[in-house]
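Student: Could we go through this one together, a bit at a time? I'd like to begin with a single loop residue and see where that takes us.

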Amino acid sequence: ETHHKYPVNDFVLIPNYAVLDPKLTYTLPPHLTSTTGMDALTHAIEGYTTKAAWDLPDCLNLEAIRLIAKSLRGAVANDPAGREGMALGQFVTGMAFSNVGLGIAHSVAHTLGAVYDTPHGVACAMMLPIVMEFNAEATGEKLKAVAEAMGVDTTGMTQAEYRKAAVDAVRQLSVDVGIPTKLPAIKEEDLEFLAQSAYADACAPGNPKEASVEDMKALIRQLM
């Protein structure tokens, strides 16, 4: 009714144990595998670059990026090794990002889901490379590590080149697993509400670069 997506969390909802059995995901359709997998990658990259990031969760998030980059294509094809890698990758970044927060890729994704019922993983996948480009200047050398975790050889690259390589690798993975890059449902007249909602989202303060409402509009417009 309000077109807002509200997170619900409490310590009583957090399990004491998690059993990771990749066989339970063998019947998950390719589209759900790809979109939930890209959501996990968004957790890892946003968690690695968020304002609250520090050494321990950084180690976990980098390993999650490496696992997801290596495993997601195979998981979508229902390869057992890919399924196992994704089961571990999403869990590892879950332990990390839940302690340091996320960024505006998730802020926009929450808003697109609330207004257009866009699947969360689809929205995250579409926004992640766009937000990585926007944040690049505020990430220091971190996108070099992201690029390398994505499988890119950064030897001899300048800062601008490895930042672009990280974004390109993420965008290519998303395309490879069948996720669109545009969202036709977005209307120009909706942009103000979408941008205001994303700006007010709980994930926005963790973004490494400050984003105004006008910035949000410009980012969302890239999906049109």
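Tutor: Keeping in mind that this is a predicted model, we can begin with N78, which counts as partly exposed because its relative accessibility is 34%.

Student: Where does N78 lie?

Tutor: N78 lies in the loop between α2 and α3, and its phi is near 65 degrees, a positive value in a residue other than glycine.

Student: And what about D117, what is its phi near?

Tutor: Phi of D117 is near 60 degrees, which is again a positive value in a residue other than glycine. D117 is found in the loop between α4 (104-116) and α5 (120-135), and with a relative accessibility of 67% it counts as exposed.

Student: Back to α3 then. What span should its residues have, and how far apart are the ends?

Tutor: Helix α3 covers residues 80-100, so at 1.5 Å a residue its 21 residues should span 30 Å, and the C-alpha atoms at its ends are 31 Å apart, which agrees. The helix does have a kink of about 25 degrees, centred on G94, and just after α3, G101 takes a positive phi of about 90 degrees.

Student: Which residues of α3 are buried, and what do they pack against?

Tutor: The buried residues of α3 include several glycines, namely G82, G85 and G89, and among the others are R83, M86, V92 and F97. As for their partners, the buried residues of α3 pack against α1 and α2 (55-76).

Student: Changing topic: how many salt bridges does a search of the whole structure find?

Tutor: The search finds eleven salt bridges. One of them joins R73 and D176, whose closest N and O atoms are 2.9 Å apart. Since R73 lies in helix α2 and D176 in helix α7, this pair ties together parts that are 103 residues apart in sequence.

Student: Are R73 and D176 buried or exposed?

Tutor: Neither label fits, because R73 is partly exposed with a relative accessible area of 39%, and D176 is likewise partly exposed, with a relative accessible area of 41%.

Student: What about salt bridges inside a helix, say D168 with K164?

Tutor: The side chains of D168 and K164 meet in a salt bridge with an N to O distance of 2.6 Å, and both residues lie in helix α7, four residues apart, about one turn of the helix. D168 counts as partly exposed at 32% relative accessibility, whereas K164, at 52%, counts as exposed.

Student: And E214, which residue does it bridge to?

Tutor: E214 forms a salt bridge with K217, with the closest N and O atoms 3.2 Å apart, and because the two are three residues apart in helix α9 (residues 213-221), about one helical turn separates them. E214 is exposed, with a relative accessible area of 51%, but K217 counts as buried at 14%. Together with E192, these two residues are linked in a network of salt bridges.

Student: One more loop residue: what is K187 in contact with?

Tutor: Leaving aside neighbours within four places in sequence, K187 is in contact with Y116 and M224. K187 is found in the loop between α7 (159-176) and α8 (191-199), and at 45% relative accessibility it counts as partly exposed.

Student: Last thing, which residues make the nonpolar surface patch?

Tutor: V8, V12 and L13 make that patch, which is about 360 Å². V8 is found in the segment before α1 (30-49), and at 70% relative accessibility V8 counts as exposed.

Methods
Residues are numbered from 1 along each chain as its sequence is written. This is a predicted model: local features need pLDDT of at least 70, side-chain atom pairs count only at pLDDT 80 or more; totals for chains, interfaces and linings use all residues. Side-chain values use heavy atoms; hydrogens and water are left out. Patches are made of residues with over 30% relative accessible area and no salt bridge: like charges are joined within 9 Å, nonpolar side chains (Val, Leu, Ile, Met, Phe, Trp, Tyr) within 5 Å. Accessible areas come from the Shrake-Rupley method with a 1.4 Å probe; for residues, only the protein chains shown count as cover. A salt bridge is a side-chain nitrogen of Lys or Arg within 4 Å of a carboxyl oxygen of Asp or Glu. Buried means under 20% relative accessible area, exposed over 50%, partly exposed in between (1.4 Å probe, protein chains only). The expected span of a helix is 1.5 Å times one less than its number of residues. The bend at a residue is the angle between axes fitted to the seven residues ending there and the seven starting there. Contact means heavy atoms within 4.5 Å.
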